[in-house]
Amino acid sequence: MYGSYTGRSRTRGRAAGLRTTGTAAALGAALLLAGCSGDGEGDEKKSAPTVEQQPKDKDPYWVNPDGNAARQVTAYSEDGDEKNAELIRKIARQPVGEWIGPDNPENEVKGVTEAAAAVDRDALLVLYNIPHRDCGQFSKGGASDGNAYRAWLDSVAKGIGDRGATVILEPDALLHLVDGCTPQEFHEERYDLLKGAIQRLKQQPATKVYLDAGNAGWQSPDALFQPLQRAGIAEADGFSLNVSNFQTTAVSTEFGKKLSEKIGNKPFVIDTSRNGNGPYTGGDPAESWCNPPGRALGEAPTTQTGDERVDAYLWIKRPGESDGDCKGGPKAGAWWPEYALGLAGATK
């Protein structure tokens with residue numbers, strides 16, 4: 001039955017929320033190159049976000065100095081609230097996924113990838129625009145049809161160019177085919193779109209693509225491996241797990257290895273952005289995915305996972321952004337400082 005899967009990811013319309021545009025991303029690179037402080041005096045110097053890149057050998061992904069968390073740090077600092085500023089720094093100093101919106105994707109992606117390249121880092125991009133996405137829930141929407149999606153995807157690829165990028169491809173899209181959430185009449189088209197997206201993105205010389213495969217609480221490896229094959233996983237660099245969800249890293253790793261064995265030992269990445277305390281078990285199980293209380297940040301992003309099958313721990317979901325207007329939250333994708341403080345404060 002629709003909505004009955006307690007492990008459902010529900011990536012919830014990042015595109016509907018606050019998003020750093022290509023212009024802002026380029027500004028972020030300029031701030032970094034200027035040492036994040038500028039040459040001005042007084043308030044101008046005080047207001048510049050002060051986040052740095054992580055060591056490249058540990059985490060090669062770009063930290064956006066003008067993201068929501070970084071701006072929140074600046075706001076708290078300017079108000080003299082150093083306690084909360086320090087908590088939000090736990091988020092601001094880590095690279096997070098840049099969810100690409102439906103409008104002007106080429107310029108947006110170009111801005112992000114150029115900003116990343118300017119500081120010798122790779123961009124982490126999330127593409128979430130498949131037609132009929134999210135089965136009409138908080139993030140309903142997506143491209144109007146298959147041709148619109150292909151055009152959008154082509155613009156994304158052009159925006160990447162030859163710069164380094166890792167793409168998380170269409171969270172939930174394949175799983176909604178498996179669980180029956182997406183109507184049957186759209187299945188053939190979706191498989192074709194996912195396979196075509198992998199092929200198009202892999203034309204870019206420095207782009208890695210991970211096709212989303214849900215989470216360990218939602219379906220089983222036996223139910224997933226054939227749909228993944230049909231969607232073109234053989235041509236992708238691997239698959240992603242736990243996007244916007246809360247399954248522990250250990251559980252996700254075990255699940256991922258079982259799935260990997262069925263699809264040619266493909267590697268995978270795990271979203272650890274909010275899984276520090278594992279899944280939420282209170283309230284309505286059908287909405288355990290939506291702004292659950294008492295969660296914590298998980299492992300910091302890194303490519304040094306200690307496991308040859310796990311390419312990286314990534315913060316694909318942006319911690320502090322709402323899952324939707326549930327449990328007192330704002331609209332899907334909107335920055336929610338109170339929730340961000342809760343995640344950071346609960347983190348050991």
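Start by selecting Asp-120, which is partly exposed, with a relative accessible area of 46%. This is a predicted model, so every stop on the tour is a look at a prediction. You will find Asp-120 in the loop between α5 (105–118) and β2 (123–127). Check its backbone too: Asp-120 is not a glycine, yet its phi is positive, about 60°.

Next, select Lys-327. Where does Lys-327 sit? Its place is the loop between β7 and α11. Here again you meet a residue that is not a glycine but has a positive phi, in this case about 50°. Is Lys-327 buried or partly exposed? With 40% relative accessibility, Lys-327 counts as partly exposed.

Now step back by one residue to Cys-326 and show its side chain together with that of Cys-290. A disulfide joins Cys-290 to Cys-326, with an S to S distance of 1.7 Å. A disulfide is a covalent bond between the sulfur atoms of two cysteines. How many disulfides does a search of the whole structure find? The answer is 1, so you can color this pair and move on without hunting for others.

Turn the view to look at the S-S bond. The torsion about the bond of Cys-290 and Cys-326 is about -90°, so this disulfide is left-handed. Then trace the chain on both sides: Cys-290 lies in the loop between β6 (268–271) and β7 (310–314), while Cys-326 is in the loop between β7 and α11 (337–345). The pair therefore ties together parts that are 36 residues apart in sequence. If you add a surface, remember that Cys-290 counts as buried, at 0% relative accessibility. Cys-326 counts as buried as well, at 6%.

Your next selection is helix α3, residues 68–78. Its buried residues are Asn-68, Ala-69, Ala-70, Gln-72, Val-73, Thr-74 and Tyr-76. Follow the chain onward and you reach Gly-80, which comes after α3 and has a positive phi near 80°.

Add helix α4, residues 82–92, to the picture. Two packed helices are described by the angle between their axes and the distance between the axes. For α3 and α4, the angle is about 165° and the axes are 8 Å apart. That angle makes α3 roughly antiparallel to α4. The crossing of α3 past α4 is left-handed. To see the contact, show Ala-69, Ala-70, Gln-72, Val-73, Tyr-76 and Ser-77 of α3, then Glu-82, Asn-84, Ala-85, Ile-88, Arg-89, Ile-91 and Ala-92 of α4. What kinds of residue make up this contact? They divide into 8 nonpolar, 3 polar and 2 charged.

For the last stop, select helix α9 (residues 221–230) and helix α10 (residues 249–262). Their axes come within 9 Å and cross at roughly 50°, which means that α9 is oblique to α10. This time the crossing is right-handed. On the α9 side, the contact is made by Pro-221, Asp-222, Leu-224, Phe-225, Leu-228 and Gln-229. On the α10 side, show Phe-255, Lys-258, Leu-259 and Lys-262. Try coloring these residues by type: the contact of α9 with α10 has 6 nonpolar, 1 polar and 3 charged.

Key. Residues numbered from 1 in each chain as written. Predicted model: local features only at pLDDT ≥ 70, side-chain atom pairs only at ≥ 80, totals over all residues. Heavy atoms only, no water. Disulfide = S-S within 2.5 Å. Helix = DSSP H or I, 4+ residues; strand = E, 2+ residues; numbered from the N terminus. Buried < 20%, exposed > 50% of the residue type's maximum accessible area, 1.4 Å probe, protein only. Axes fitted to C-alpha atoms, helices over the stretch in contact; angles between N-to-C directions. Parallel < 35°, antiparallel > 145°, perpendicular 65-115°, else oblique. Left-handed = near helix turned anticlockwise from the far one by under 90°. Contact = heavy atoms within 4.5 Å. Nonpolar A, V, L, I, M, F, W, Y, C, P; charged D, E, K, R; others polar.
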